[in-house]
Amino acid sequence: MRKRDYFLLFIFAAVMLSMPIWGPFIDAGYPDIMQRFAVFGLIAVGFNLLFGLTGYLSFGHAAFLGIGSYTAVWCFKLFTMDVIPAIIASTIMGGLVALILGFVALRRSGIYFSILTLAFAQMMYSLAYSVLTPLTNGETGLQLALGDARVLDRALGTNPESGLPSTSFLGFGVSNQGMTGYWICAIVAIIGFYIALRITRSSFGIMLRGIKSNQTRMSYTGLAARPYLITVFVISGMYAGLAGGLLASVDPLAGAERMYWTASGEIVLMTILGGVGTMFGPILGAGIIKWLEAKLSTFNESVVEQAMAFLPDSIEHSFAVVASKFVGEGWHLSLGVIFMLIVIFLPGGVMEGLQRLVGLFGFGKTKKQGADTSTPAE
Amino acid sequence: MDAIILQFLNGVDKGAAYALIALGLTLIFGTLGVVNFAHGALFMLGAFCAVTTNTLLTLSQKVKDPSITFFEAYIDQPYLVTWYGDLGATIIDWSVPISLLLAIPVMFLLGTVLERGLIRHFYNRPHADQILVTFGLAIVLGEIARTFYGANPLPQPTPDFFTGQVNIGAIFGSDLAYPAWRLLYFLVGVVIMFGVFALLQFTRFGMVVRAGMQDRQMVQLLGINIQARFTLVFGMAAAIAGVAGALYTPTLPPNYEMGMEFLVISFVVVVVGGMGSLGGAVLAGFMLGILEAIVALPVISDLIPGINQVIIYAVAVVVLLTRPRGLMGRKGVMED
């Protein structure tokens with residue numbers, strides 16, 4: 001960790017902590033979306049540790065997210081509504097499952113690895129829907145119930161007399177729509193960012209980069225690559241499990257759709273969109289996608305027609321019809337198109353785009369910090 | 001016993017679909033070295049070619065319903081029926097086989113356009129980029145299908161001629177009947193597979209393609225435009241996926257998400273069969289299809305609940321741990 005890295009951490013912390021102030025300017029000042037920024041930023045940072053450093057493209061990261069959520073909800077049901085044990089447990093579960101999967105999937109690299117992780121996530125998804133219904137409550141999703149054990153809460157006498165309890169953090173309510181949920185997510189995200197920064201800059205991180213650029217040569221120097229890969233895969237899975245736990249903490253329910261391949265794909269999209277291998281890129285990507293999701297999916301045809309009202313009537317309608325396919329329910333179409341454009345023309349994501357802009361105009365001084373952090377992605 | 005044979009046949013039917021997709025994947029992979037995550041989407045588009053054909057054939061006008069006499073009632077009558085009477089009705093009934101006339105050229109064209117317009121630019125990029133761009137393509141194609149056809153599964157008619165059951169049990173001395181359409185699907189699948197093998201083994205075109213798979217540069221140095229042939233192979237693989245999808249519609253009503261479900265399993269099929277091995281893809285496709293169906297038998301699934309959801313992946317894990325190259329993978333072909 002050099003001085004510059006502390007500066008990075010400081011910027012990130014400042015951005016996260018001041019979000020309630022600048023959020024409203026981009027129409028994102030409410031806790032729900034800010035929590036999403038933090039949580040998905042966190043999972044993207046974890047994913048980036050794996051993909052950005054080693055080049056192993058996992059298509060099954062959503063499985064850890066789902067497992068984390070289920071673990072957290074079970075923790076609420078069985079022990080206590082406090083979020084601390086829940087997120088610790090979900091982190092550990094994410095890591096454990098990643099260990100098992102990594103043991104198998106990391107025997108192969110490249111395409112095989114992507115396929116195996118994708119297959120594993122689909123398996124978890126179909127299991128959660130069918131056989132594991134006693135654990136996952138199938139299609140309905142796992143929810144809190146009045147008759148839950150909540151052993152610790154009952155022993156301590158904090159169990160509410162009537163109604164469903166809400167999750168809490170050392171006595172502060174979390175899930176009942178306050179800012180507490182956001183603060184927890186933000187603090188955890190900052191800690192997660194710090195750890196990721198440490199890992200990236202450590203000798204361990206450098207080893208991983210070595211594996212990425214030439215695994216054969218690394219093994220000729222006497223390095224056993226697999227333990228390194230498994231370690232980083234487990235860390236990455238722990239990030240995803242932690243993110244799942246946070247999601248369940250702010251909204252205590254867990255469903256199998258969190259493990260669907262589109263969810264895994266979304267994590268990949270975030271990281272690529274922002275910029276693989278950069279520190280800020282994945283978080284930026286997560287923010288952009290979650291923001292677009294929140295905005296585009298609420299648009300409908302009339303909103304689009306209003307936006308295009310400046311055009312002559314004759315072409316306005318046809319434009320609006322086409323554009324309306326890209327918003328509302330069809331916002332995934334815009335996501336797919338944006339993603340393809342990024343992969344084709346800007347493989348380094350938004351961060352590379354910013355870098356190019358900086359290079360183009362040469363007003364580098366103020367933006368230099370951001371530019372320095374991004375190592376060019378392949 | 002009958003139950004086992006029935007499940008076996010179900011497995012063969014589904015295995016044919018897996019094998020056809022896996023065959024196309026392997027063709028693309030073997031020739032161009034690209035893992036096509038959009039192949040499931042091509043399968044799905046093939047299915048929607050059948051839907052489109054059906055929609056076009058059943059374009060209707062309102063006509064007076066003659067069966068209701070005491071007030072004016074109107075029913076939709078397809079133009080084809082108005083024009084050709086019973087012949088028109090038969091054509092509509094056969095919409096799924098007829099849709100192949102649309103599916104094959106459309107999918108072939110789409111395949112070549114995709115290869116020329118998009119995939120070509122990714123040959124020299126890392127595998128991860130190829131996966132990502134085809135994955136993005138899969139999302140876009142799926143969403144386009146959804147904007148046109150909605151999110152609900154659209155059941156397609158089986159031609160009357162094939163709706164009956166074939167008394168397949170006669171061979172074994174029992175009276176087991178099986179839907180004729182599914183048997184037809186299997187037969188068509190086998191014909192396509194043999195066609196592909198014959199094309200590759202016994203024609204000059206196939207010989208050149210095989211040579212190109214072995215050593216692309218050498219073939220080019222001999223003055224053969226191998227790229228053009230590989231483009232055709234891509235189109236062919238897309239057309240095969242399209243046919244597989246179109247003919248599967250009477251069995252499984254298509255919706256825009258079906259592509260990925262089949263793709264994931266087809267990937268496992270390719271991995272188990274051995275990357276780059278056509279025979280392995282077909283073998284593993286049928287094997288996994290049958291295995292999946294057999295373990296769904298109540299006897300087995302009561303014993304180990306959920307086994308039918310996991311078996312394919314479990315087999316994949318075991319195969320990868322014991323034979324990392326897959327059942328029929330050759331040394332040196334895509335080891336990483």
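A residue is buried if 20 or more other C-beta atoms lie within 10 Å of its own, exposed if 12 or fewer, and partly exposed in between, with C-beta atoms placed from the backbone. By that count, strand 1 (residues 60-64) of chain B is hardly covered, with zero buried residues among its five. This is a predicted model, in which local features need pLDDT of at least 70, side-chain atom pairs count only at pLDDT 80 or more, and totals for chains, interfaces and linings use all residues. Residues are numbered from 1 along each chain as its sequence is written, and chains are lettered from A and ligands numbered from 1 in the order in which they are written.

**Strands**
- Helices (H or I, at least four residues) and strands (E, at least two) are DSSP runs, numbered from the N terminus.
- Strand 1 of chain B runs antiparallel to strand 2 (residues 74-78) of chain B, and five bridges join them; strands pair if DSSP finds at least two bridges between them.
- S60(B) has P78(B), in strand 2 of chain B, as its bridge partner.

**Contact between the chains**
- Chain B has 32 residues in contact with 36 residues of chain A (C-beta atoms, placed from the backbone, within 7 Å).
- On the side of chain B that touches chain A, helix 6 (127-149), helix 12 (258-273) and helix 15 (307-322) of chain B each give two or more residues.
- Helix 6 of chain B gives the most, with 14 residues.

**Confidence**
- The average pLDDT (the predictor's confidence in each residue, from 0 to 100) of chain B is 85, and 96% of the residues score at least 70.
- The model has an ipTM of 0.82 and a pTM of 0.86.

Definitions and conventions
Two residues are in contact if their C-beta atoms, placed from the backbone, lie within 7 Å.
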